[in-house]
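Here's a protein model to explore together. Have a look at it, and then we'll walk through what the atoms tell us.

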Amino acid sequence: MPDGKRGWALRIASSSDGLSRLVRFIGVGGFCFLVTLAINYALKLTILGSNPTLAFLIANVVATIVSFVLTRQFTFQGRNAARRKRIQMTLFVAVAAVAIAINTAPLYVSRWVLGFHYPLVSVLSQEVADFVSGPIIGTVLATLFRWWALNSFVFPKHPSPAPA
């Protein structure tokens, strides 16, 4: 099949460099997932117990900052020319903002639209729904978006020349 007709994920993973980058991206994502969980539950179990959406949002913002540093230095290290640093940071922030919204939306819907919160459901049901909707469903959706957007716009294979 001609390269143009294959999906973008297959084109990226088909090269050894692309597969290696995908593995590094997943490693960075896994680490940042743990950062998100730790901060989320620390906030949720202490000062933001009544506002789990805000706790999850703050956790995602902190994990995104960690993610930028690791992604730039580890995942896409061959694509981060010094002259593009400001552009990359701006684009990364835009991608991250959309990804954080994508990541947080399922938790918000679960809690406040579908009503999976105490006293409407048990505390255990609430916590299971929170975990499945935010850290699982939200993270999967946001990760797919981040991979596509970072590869396509923030750290493209052939970056456009920096403005003079």
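Let's start with E127: its relative accessibility is 24%, so E127 counts as partly exposed. Keep in mind that this is a predicted model. E127 pairs up with K44 in a salt bridge, and their closest N and O atoms sit 2.7 Å apart. K44 belongs to helix α2 and E127 to helix α5, so this pair ties together parts that are 83 residues apart in sequence.

Why can such pairs turn up at all? Side chains of opposite charge can pair when their charged atoms come close.

How many salt bridges does a search of the whole structure find? The count is three. Here they are side by side:

| Salt bridge | N to O distance |
|---|---|
| K44 and E127 | 2.7 Å |
| D130 and K44 | 2.7 Å |
| D130 and R111 | 2.7 Å |

D130 is in helix α5 and R111 in helix α4, so their salt bridge ties together parts that are 19 residues apart in sequence. Through shared partners, K44, R111, E127 and D130 are joined into one network. Are the other members buried or exposed? K44 has 9% relative accessibility, so K44 counts as buried. D130 is buried too, at 3%, and R111 is buried at 5%.

**The overall layout**

Now zoom out. The chain has five helices and zero strands, so from the N terminus on, its elements simply read α-α-α-α-α. Of the 164 residues in the chain, 38% are buried. R21, in helix α2, is one more charged residue to look at: with a relative accessible area of 6%, R21 is buried. R21 and F74 are 53 residues apart along the chain, yet their C-alpha atoms are separated by 8.7 Å.

There's also a little oddity in the loop between α4 (85–113) and α5, which is where you'll find P119. Most peptide bonds are trans. The one joining Y118 and P119 is cis, with an omega of about 15°.

**Spaces inside and at the surface**

How many cavities of 30 Å³ or more are there? Just one cavity makes the count, and the largest cavity holds about 40 Å³ of space. Its lining brings back some familiar names, including K44 and D130, along with N40, Y41, F56 and F131. Helices α2 (16–44), α3 (52–75) and α5 each supply at least two residues of that lining. By type, the cavity lining has six nonpolar residues, one polar and two charged.

The largest pocket offers about 340 Å³ of space. There are 18 residues lining this pocket, and G29, C32, T139, T143 and R146 are the closest to its centre. Once again α2, α3 and α5 each give at least two lining residues, with α2 providing the largest share, eight residues. The pocket lining divides into seven nonpolar, 10 polar and one charged.

**A greasy stretch outside**

Finally, look at the surface for a nonpolar patch made of L124, V128, F131, V132, I136, I137, V140, L141 and L144, with about 770 Å² of accessible area together. One of these, I136, lies in helix α5 (residues 123–154). With 35% relative accessibility, I136 counts as partly exposed. F131 is worth a second glance: F131 is part of this patch and also helps line the largest cavity.

Technical notes. Residues are numbered from 1 along each chain as its sequence is written. This is a predicted model: local features need pLDDT of at least 70, side-chain atom pairs count only at pLDDT 80 or more; totals for chains, interfaces and linings use all residues. Side-chain values use heavy atoms; hydrogens and water are left out. Patches are made of residues with over 30% relative accessible area and no salt bridge: like charges are joined within 9 Å, nonpolar side chains (Val, Leu, Ile, Met, Phe, Trp, Tyr) within 5 Å. Accessible areas come from the Shrake-Rupley method with a 1.4 Å probe; for residues, only the protein chains shown count as cover. A salt bridge is a side-chain nitrogen of Lys or Arg within 4 Å of a carboxyl oxygen of Asp or Glu. Helices (H or I, at least four residues) and strands (E, at least two) are DSSP runs, numbered from the N terminus. Buried means under 20% relative accessible area, exposed over 50%, partly exposed in between (1.4 Å probe, protein chains only). On a 1 Å grid over the protein atoms alone, a cavity is a set of points where a 1.4 Å probe fits but cannot get out, and a pocket is an open set with protein on both sides within 12 Å along at least five of seven lines; lining residues have an atom within 4 Å of a point. Grid points are joined across faces, edges and corners, and a volume is the space filled by probe spheres set on the points. Ala, Val, Leu, Ile, Met, Phe, Trp, Tyr, Cys and Pro count as nonpolar, Asp, Glu, Lys and Arg as charged, and the others, Gly among them, as polar.
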